[in-house]
Amino acid sequence: MTLARPDWLPAPFTSPLDEKLGIEITDYDPDHLVATMPVEGNQQPAGLLHGGATCALVETVGSWAAALGAGPGRRCVGVELNVSYLRASTAGTVTAVATPVRRGRTLATFRVEVTDASGRPTATARLTCMLSDARA
């Protein structure tokens, strides 16, 4: 881990979906945010990693990067997601890395690369988040 979870984030700042899918943030660097997810338990009937699970992983890693970049007192919500699947995963863990494409005052866009346990690309994605002041 390069950077730990920032202290300013509220205590349990995880989503129930992330917990169900087993998504874990392993590096909280907003310029290179990393998360992992097990393939086991997240497959479609044919035994391949479900595309929806991959999308959830991409949304999580990109949204965390946007929230960390926006800082305390701001919130972010995804407004566009585009994912291309490159290779099927059937076992092990996949890793997603989000890097910023552009950070603006109201929009932030991230490129997210997903790889399998062997480091082979399984998906590439782009996520755009809207940034706003948090509501009280």
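## A tour from Arg126 to the core

Start at Arg126: at 34% relative accessibility it counts as partly exposed. The residue lies in strand β6. Keep in mind throughout that this is a predicted model.

**Stop 1: around Arg126.** Show the contacts of Arg126, leaving out residues up to four places away in sequence. Arg126 touches Glu80, Leu81, Asn82, Thr109 and Phe110. Glu80, Leu81 and Asn82 fall within β3 (74-85). Thr109 and Phe110 fall within β5 (107-115). Now add Gly62 to the selection. Gly62 and Arg126 are 64 residues apart along the chain, and their C-alpha atoms are separated by 8.6 Å.

**Stop 2: zoom out.** Colour the whole chain by secondary structure. Two helices and six strands should appear. Read from the N terminus, the order is α-β-β-α-β-β-β-β. The radius of gyration is 14 Å, close to the 14 Å that the globule rule gives for 136 residues, so the chain is as compact as a globular protein of that length. Along the principal axes, the C-alpha atoms fill a box of roughly 45 × 30 × 25 Å.

Stay with the whole chain for its contacts. Take those between residues at least 6 apart in sequence: 64% of them join residues at least 24 apart.

Switch on the surface. The protein chain exposes about 7,300 Å², and carbon and sulfur atoms supply 53% of that area. Of the 136 residues, 38% count as buried. Then pick out the charges. There are 12 positive and 13 negative side chains. The centres of the two sets lie 8 Å apart.

**Stop 3: the nonpolar core.** Hide the surface and go inside. In soluble globular proteins, nonpolar side chains tend to be buried together. Here, the largest nonpolar core has 33 residues. Select Met37, Leu57, Val112 and Val114, the residues with the most contacts inside this core. Two or more core residues come from each of β2 (33-38), α2 (51-70), β3 (74-85), β4 (93-103), β5 (107-115) and β6 (121-133). Which element gives the largest share of this core? The answer is α2, with ten residues.

Centre the view on Leu57. Skip its neighbours within four places in sequence. Leu57 is then in contact with Ile23, Ala35, Thr36, Met37, Val94, Ala96 and Val114. Met37 and Val114 are also among the residues with the most contacts in the core.

**Stop 4: along helix α2.** Select Gly52, Thr54 and Ser63 in turn.

- Gly52 is found in helix α2. Gly52 is partly exposed, with a relative accessible area of 37%. For a long view, pair Gly52 with Arg103: the two are 51 residues apart along the chain, with 26 Å between their C-alpha atoms.
- Thr54 lies in helix α2 as well. Is Thr54 buried or exposed? Thr54 is buried, with a relative accessible area of 4%. Beyond four places in sequence, Thr54 is in contact with Met37, Leu49, Tyr85, Val114 and Ala123. Met37 and Val114 are also on the contact list of Leu57.
- Ser63 is another residue of helix α2. Ser63 has 17% relative accessibility and counts as buried. With neighbours within four places left aside, the contacts of Ser63 are Cys76, Leu127 and Cys129. Cys76 falls within β3 (74-85). Leu127 and Cys129 fall within β6 (121-133).

**Stop 5: strand β4.** Select Val101, which lies in β4. What is the relative accessibility of Val101? The value is 47%, and Val101 counts as partly exposed. Leave aside neighbours within four places in sequence, and Val101 is in contact with Thr109, Phe110 and Arg111. Thr109 and Phe110 also touch Arg126, the starting point of this tour. Next, draw a distance from Val101 to Tyr28. Their C-alpha atoms are 17 Å apart, with the two positions 73 residues apart in sequence numbering.

**Stop 6: toward the N terminus.** Finish at Thr14, in the segment before α1 (16-21). Thr14 is partly exposed, with a relative accessible area of 49%. Add Trp64 to the view. Thr14 and Trp64 are 50 residues apart along the chain, and 10.0 Å separates their C-alpha atoms. Trp64 falls within α2 (51-70), the element that gives ten residues to the core.

Conventions:
Residues are numbered from 1 along each chain as its sequence is written. This is a predicted model: local features need pLDDT of at least 70, side-chain atom pairs count only at pLDDT 80 or more; totals for chains, interfaces and linings use all residues. Side-chain values use heavy atoms; hydrogens and water are left out. Helices (H or I, at least four residues) and strands (E, at least two) are DSSP runs, numbered from the N terminus. The radius of gyration is taken over C-alpha atoms; the globule rule is 2.2 Å times the number of residues to the power 0.38. Buried means under 20% relative accessible area, exposed over 50%, partly exposed in between (1.4 Å probe, protein chains only). Contact means heavy atoms within 4.5 Å. Accessible areas come from the Shrake-Rupley method with a 1.4 Å probe; for residues, only the protein chains shown count as cover. Lys and Arg count as positive and Asp and Glu as negative; His and the chain ends are not counted. The place of a charge is taken as NZ of Lys, CZ of Arg, CG of Asp or CD of Glu. A nonpolar core is a set of buried Ala, Val, Leu, Ile, Met, Phe, Trp, Tyr and Cys residues joined through side-chain atoms within 4.5 Å.
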